[in-house]
Amino acid sequence: MKVNLSIRILLLIVGLTGVMLQAGTTGKISGRIIDTETGLPLIGANVIVLGISAGAAADGEGYYVILNVAPGRHTVTASMIGYTSQQIGELIVRTDFTTPLDFTLTPTVLEAGQEVVVVGRRQQIQRDRTSTLSVIGADEIEKLPVRDVNEIIDLQAGVVDGHFRGGRHGEVAYMVDGISVSDPYDGAMAVAVENSAIQEIKVISGTFSAEYGQAMSGVVNIVTKTNYNNFKIFSDVFCGDYFTNHSQFLNNNNFNPGNNTNLDLTLMGPVPGLKNTGYFTSFRHFQSAGYLYGIEEFLPADSSNTDDSNPAHWYIERSGSGDYIAMNPDRKSTLQGKISTRLSPIMSLDLQGNYSQSKWLNYDHNYKYNPQGIPQQLKDSYYLNFSLTHSPSQKYFYTLKASQYFTDYSSYVYADPASMNYVNTQLRQRLGYGYYTGGMSMQHFYRNSRVNVFKFTLKGQPNRTNEISMGAEYRRSNLWLYEYLLRLDQSTAWKPVPYPAESVYNNRYRHIPSEFAFWLEDKVEWERLVLIAGVRFDYFEPDGIVPADLRDPDGSYYGSADPFNNAQPKSQWSPRLGISYPITDQGAIHISYCHFFQIPNFEYLYQNSEFKVAGGGLTSVIGNADLEPEKTVIYQFGLQQQLSPSLVLDLTGYYKDIRNLVGTEVYETYILGDSYARYENRDYGNVRGIAISLTRNPVDWFSGSLDYTFQIAEGNASDPLATFYDRQADPPRASEIQVVPLNWDQRHTLNLTLSIAQHNWGIGLIGKYGSGLPYTPEYQNQRTSFENSETKPAVISFDLNARSVFQLGPAKLTAYLQVKNLFDRENAVNVFADTGRPDYSLIPTYVPQQPIHSLEDFLTRPDYYSAPRQIVVGLKFAL
């Protein structure tokens, strides 16, 4: 491929620069040092961050800047000959932000070697913040009843079930230590990072820095722990179960602590024999039986015949044990480690690895009495990262990162497609509103994504007011997919055989797209104004082909010798602008305006890459490797205001204009009656809202937060396949041409977190309220109003974490109780479209009773509710 002129220019800039920006994993400390008595600057005074070999000297006006400071709590010392030293402890540093810290030193009156020690106070107003974000540290995670990253993310303002600020799934960039770990296939987080490994999580919703690309709605950056100093060991063991008397949940009224178990072990400290080298390693194994059960009344090999009008002539084979079978169990093991070493006072090296293995089942209500027929889901992933940071001077530092992450996902009933446990395809049948009385899923699905990332970054402070950031990133993805259906009937000699390669039920592809990005940003910090201006350039090479004639997508009708065209590269410049105006030392206004660019998730580019179209109607969907980037423009205005020494108000208003979203367009082929759907850039939307947050920081025994979001998320379609489904309806219906509420349009969201921490006990509480999500009313499968014109019931939940701490010499033992859905509320996640309720439908008014199980039984849907009450008890050990 010939590189165009803009790429050549950018590569030349990268080469001449030689070093690039590191952002996303460290913060900055800056301030001024003056004489207490005279107020004059102390030129040359030294400031040192203890424990990390970072420091600076005051300039001619007494100002200093310390770059590349790891997030967390630090102790900082200022000293100068002839003055008493001053030490500030418990200073909190956040990634990508400036922590102000001024010193006033007193001429020496103490004995030599003595110093004044001051306990630092948490900075309440982040004066250089121009966007909406939450930073959750390890201490806060420890206090709350949360067990994984997703639970932490969903607590943040503007996040509704993984949707950030009204955006679709897949519009969030997930990062670990500043390197992307988003699966390019579907945009999900590709690796598992456990809570025990997290130093802090930064969740940005709305606008964000020019460093971050391939995202339109938010960024999640996880910074992992590093420890050079003392040896530490942590363990966490718990057991528990779901417990409820709600009748729709089978087998959940007997508490069995062995149904949910967890073992978490963490070791960290200095590496023996290696100076300035520390390690962190953690292992976790978790398993849960889940809360959705079936009854093994039938086995997949059973057969039934109820065609005769006389029930006495029915044949029903029941070979099952009659036992309860878990239908949404989950099992996960994670191993992660990190080695950090200071090669010199100005150079450090990090090596990091992560491996996780998961296995689970997705509940399928149709298999409630034949639970052995549903496929198992398996996922293996790993993450490897190399990071070298060098600070040639106090004015700048650069970082080189190289990483690889891999995700392998598969789904099947039996791993061996030739297994004789597979049964005749015709056994998989059910009547109307009835269950499968035999048969099983015959689909095998495999895919994996291997992504290599190289990132060069630089951050410099050429003067007191300007902080220059620049960087470049290259990412190369290797995506492989193979899916097929099995046949097992007389034509295959009663052996399971995949459909042939030319069939629409057998698809395979491998694509190796590549991406390049360059960004430049300047943060200007004046006394009364902070300006952040940046620009980002993205370039994408899709590595795909598209049909030359959309009425003959695979070229088979005319037998063309060259029926395909190469998909074209895509590029875009994205400006980012943010302003923070500190109105007082206790308040700041921030304004931002940003353009965001994202290549659609690769599943939409490469689906059905062989362009096979099934005959006889509209059943096929093909990808489009020539999709244009999706685009979002965000306008945001906000206010931070300190109301008291520990209480902070945050108010943000925002508007998002979203264009070029992926949808589908239906095309007719040259063969009469055959058609297919193709992904196109045809959907659009807009989001507007206000977020209000009130935070009480942990100054003494009590801390907490309360945030409320009012948001309207509208668009022409919630699902990229909406047009495809509309055309498949009987009769076909017209797709929406006006904006309607999106499926995740939650108008009112309220999150509450409370933490009470005493010396030997503590309580953490999470409360959540969400107004009803929209749904489309229907009667007898026909819409009775426009799309998403009605709302489901509101959702309310409370989670509790209570702990008691026992000090055993240098060790600490913590006994705790965690209760999810404390009041066992029946929260609806889905409803019947004819009533808007999860427990009642009009279907029995026009559908007769079913022959094997009652209609009422089939319409009792445990999967229409969120999880019932879950209780776990555990012990934590720390040394």
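How many bridges join strand β39 to strand β40? Hold that thought for a moment: what you have on screen is a predicted model.

## Two hairpins in a row

The answer is 12 bridges, and the two strands, β39 (residues 630-642) and β40 (residues 647-668), run antiparallel. To find one of the matched pairs, click on I634 and look across: its bridge partner in β40 is K656. The strands make a hairpin, with 4 residues between them.

Now keep following the chain. β40 also pairs with strand β41 (residues 675-696), again in the antiparallel sense, over 20 bridges. Here I658 has G685 in β41 as its bridge partner. This pair is a hairpin too, with 6 residues between the strands, and G673 in the turn has a positive phi of about 95 degrees.

## A five-stranded open sheet

Elsewhere, 5 strands line up as an open sheet with mixed pairing, in the order β10-β15-β16-β13-β14. At the edges sit β10 (132-137) and β14, each of which pairs on one side only.

Zoom in on the β14 edge. β13 and β14 run antiparallel and are joined by 2 bridges. Look for M175, which stands opposite S180 in β14.

## Greasy cores

A bit of background helps here. In soluble globular proteins, nonpolar side chains tend to be buried together. In this model, the largest nonpolar core has 32 residues, and V191, I201 and V220 have the most contacts inside it. Several elements each supply at least two of the core's residues: α3 (149-153), β13 (172-176), β15 (198-205), β16 (218-224) and β28 (443-460).

V220 is a good place to start exploring. If you skip its neighbours within four places in sequence, V220 still contacts I153, F164, V172, A173, Y174, M175, I201, K202 and V203. There's also a second, separate core of 25 residues, and A567, Y604, A625 and Y679 are among its members.

## A greasy patch on the outside

Some nonpolar residues show up on the surface instead. V237, L263, F283, L335 and Y355 form a nonpolar patch there, with about 430 Å² of accessible area together. Take L335 as an example: you'll find this residue in strand β24 (residues 330-344). With a relative accessible area of 46%, L335 falls short of the over 50% needed for exposed, so it counts as partly exposed.

## Charged partners

Side chains of opposite charge can pair when their charged atoms come close. The count here comes to 35 salt bridges. One of them brings together K876 and E142, at 3.0 Å from N to O. K876 is in strand β52 (residues 870-878) and E142 is in helix α2 (residues 138-143), so this pair links parts of the chain that are 734 residues apart. E142 is partly exposed, with a relative accessible area of 41%.

Another long-range link joins D177 and K338, whose closest N and O atoms are 3.7 Å apart. D177 lies in the loop between β13 and β14 (179-180), K338 lies in strand β24, and 161 residues separate them. Are these two buried or exposed? Both D177 and K338 are buried.

K612 and E610 form a salt bridge as well, with their closest N and O atoms 3.0 Å apart. K612 is buried at 9% relative accessible area, while E610 is partly exposed at 35%. Finally, salt bridges that share partners tie K28, K459, E467, K523 and E525 into one network.

## Backbone oddities

A few spots have backbone angles you may want to look up. The peptide bond from D730 to P731 is cis, with omega near 0 degrees. P731 sits in the loop between α5 (722-728) and β43 (740-741).

Two other residues have a positive phi without being glycine. E90 has a phi of about 60 degrees and belongs to strand β6 (residues 85-93); E90 is partly exposed, at 41% relative accessible area. W494 has a phi near 60 degrees and lies in the loop between β29 (466-487) and β30 (497-498). W494 also counts as partly exposed, with 46% relative accessibility.

## One buried serine

Last stop: S703, in strand β42 (residues 702-715). Why does S703 count as buried? Its relative accessibility is 10%, and buried means under 20%. Not counting residues up to four places away in sequence, S703 touches R696, N697, P698, T753, L754 and S755.

How values were computed
Residues numbered from 1 in each chain as written. Predicted model: local features only at pLDDT ≥ 70, side-chain atom pairs only at ≥ 80, totals over all residues. Heavy atoms only, no water. Core = buried A, V, L, I, M, F, W, Y, C linked by side-chain atoms within 4.5 Å. Buried < 20%, exposed > 50% of the residue type's maximum accessible area, 1.4 Å probe, protein only. Contact = heavy atoms within 4.5 Å. Patch = residues over 30% accessible without salt bridge, like charges linked within 9 Å, V, L, I, M, F, W, Y side chains within 5 Å. Areas by Shrake-Rupley, 256 points an atom, 1.4 Å probe, with all protein chains shown as cover. Salt bridge = Lys/Arg side-chain N within 4 Å of Asp/Glu carboxyl O. Pairing = 2+ DSSP bridges.
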